[in-house]
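Please read the points below with the model open beside you. They take up, in turn, a group of strands, the cysteines and a pair of helices.

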Amino acid sequence: MNILVINAGSSSLKYQLLDTDSGEVMAKGLCERIGIDGVLTHTGNKSDEKFKFDIAMPTHKEAIQSVIDVLLDPEKGVISSMSEIDAVGHRVVHGGEFFSDSVIITEKVLKAIEDCVPLAPLHNPPNLIGIQACRDVMGPDVPMVAVFDTAFHQTMPEKAYMYAIPYKYYDQYKVRKYGFHGTSHRFVSKETIKFLGLDPENSKVIVAHLGNGSSISAVVNGKCVDTSMGLTPLEGLVMGTRSGDLDPAVLEFICKKENMDVSEMVRILNKESGLLGLSKGLSSDFRDLNEASENGNPDAKRAIDCLCYRIVKYIGSYVAAMNGVDAIAFTGGIGENAALVRKTVVDNLSYLGITLDEEANKARGEDKVISTPDSKVTVAVIPTNEELAICQETAELVKNQK
């Protein structure tokens, strides 16, 4: 099957066309400046050459039509007919408590996604627009699937997802922990179990998805029992520009001192904090900070130290929550490539009987065990592939529907 994977933002749209049999990315690209003027960047599998087009995209409908057109292009495309696209998988950020799995999109599903807009006001509306645009362009006969960032975490028990605030706020507004990066956590936890030969029905895995946005999950027997992000992606680890955990009273304190409202303070916590804030505005990119730290910059070192410390704390707490752990998997841009972060974290978990294979830890972006053979807990690097995960879940649902 050929599955078109769509990730729609407010003014952009990422796409990949994948072959489920081989896992091959047949084509991929990005539509930008939707609603302004429109730019499409496309790469086919016949070469690594990128093609860039200025195309009028007043709405997402024109963007989707542009994607279909370039996929069908005799020179730059990879298919000869739209009938070669068997289904479309859509990334949807928030599924609330409605969805614990991916689903075939129906009118009822669309209504539920819309009902979750208050929980993800910046993400769910463009996700809905992308779905509707695909339906308008491709017609009703092409199956479409919604794959939710929050779905994998819906197996968390109440004790893990509830906040200790008046219960009426959960009753009335569904204020609770939801977690994000669920597609990645599901994919990587499954791959870890498979790669290490663990028993899917008797395994305890911690997945550290580390990048500009970062989260950690605790997975028992393939099901998530806790995760670091909360009602929004702001909770949890130190991230590129997000603060992660902090005393909620910090908001009131700074708002009074700076004479600002809560919305502005939340914007600062999302956009100006994390590694960027800790490094005094040096960079939100770990690569920049790593280079600066190696050159003796104390601000960069501070940011990296805080990042690693928070990761160690979360992993330790999840080991306790699961009463043990069989494997720890690093993934995401930092998790897959930053040997320093992995070493710092693993060295601080020596009480678990974990020892690092220094040579193996030099690995970048490949499935690799980085702990020594005698380590009591196996530590591995497992690259994530959210597009492939969306593709696989879409294909499985569509096959089962037939």
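1. In this predicted model, strand β10 and strand β11, which spans residues 223-227, pair in the antiparallel sense over 4 bridges. Within that pairing, Ser217 is the residue that stands opposite Thr227 of β11. The hairpin of β10 and β11 has 2 residues between the strands, and in this hairpin Asn221 takes a positive phi near 55°, a detail that can be looked up directly in the backbone torsions.

2. Strand β10 also has a partner in β9, which covers residues 204-209, and here the two strands pair in the antiparallel sense over 6 bridges. One of the bridges can be located by its residues, since Ile206 has Ala218 of β10 as its bridge partner. The connection from β9 to β10 is again a hairpin, which joins them through 5 residues.

3. Is β10, which pairs with β9 and with β11, mostly covered or mostly open? The strand, residues 215-220, is mostly covered, with 5 of its 6 residues buried. When looking at the side chains, it may help to recall that in a regular strand they alternate between the two faces of the sheet.

4. A colleague planning work with the cysteines may ask how many disulfides the model contains, and a search of the whole structure finds 0. A disulfide is a covalent bond between the sulfur atoms of two cysteines, and the search counts a pair of cysteine sulfur atoms as a disulfide when they lie within 2.5 Å. For Cys31, the closest cysteine sulfur is that of Cys134, and because the two sulfurs are 10 Å apart, they are too far for a bond. Cys31 is itself buried, with a relative accessible area of 0%.

5. Cys224 can be read in a similar way: the closest cysteine sulfur to its own belongs to Cys116, at 17 Å, which is too far for a bond. Cys224 is likewise buried, and its relative accessible area is 0%. This residue number falls within β11, residues 223-227.

6. Turning to the helices, α2 (residues 107-115) and α3 (residues 124-138) pack with their axes 10 Å apart and at an angle of about 155°. Because angles over 145 degrees count as roughly antiparallel, this value makes α2 roughly antiparallel to α3. The crossing in which α2 passes α3 is left-handed. On the α2 side the contact is made by Glu107, Leu110, Ile113 and Glu114, and on the α3 side by Asn124, Leu128, Ile131 and Arg135.

How values were computed:
Residues are numbered from 1 along each chain as its sequence is written. This is a predicted model: local features need pLDDT of at least 70, side-chain atom pairs count only at pLDDT 80 or more; totals for chains, interfaces and linings use all residues. Side-chain values use heavy atoms; hydrogens and water are left out. Buried means under 20% relative accessible area, exposed over 50%, partly exposed in between (1.4 Å probe, protein chains only). Two strands pair if DSSP finds at least two bridges between them. Axes are lines fitted to C-alpha atoms, for helices over the stretch in contact, and angles run from 0 to 180 degrees between N-to-C directions. Angles under 35 degrees count as roughly parallel, over 145 as roughly antiparallel, 65 to 115 as roughly perpendicular and the rest as oblique. A crossing is left-handed if the near helix is turned anticlockwise from the far one by less than a right angle, and right-handed if clockwise. Contact means heavy atoms within 4.5 Å.
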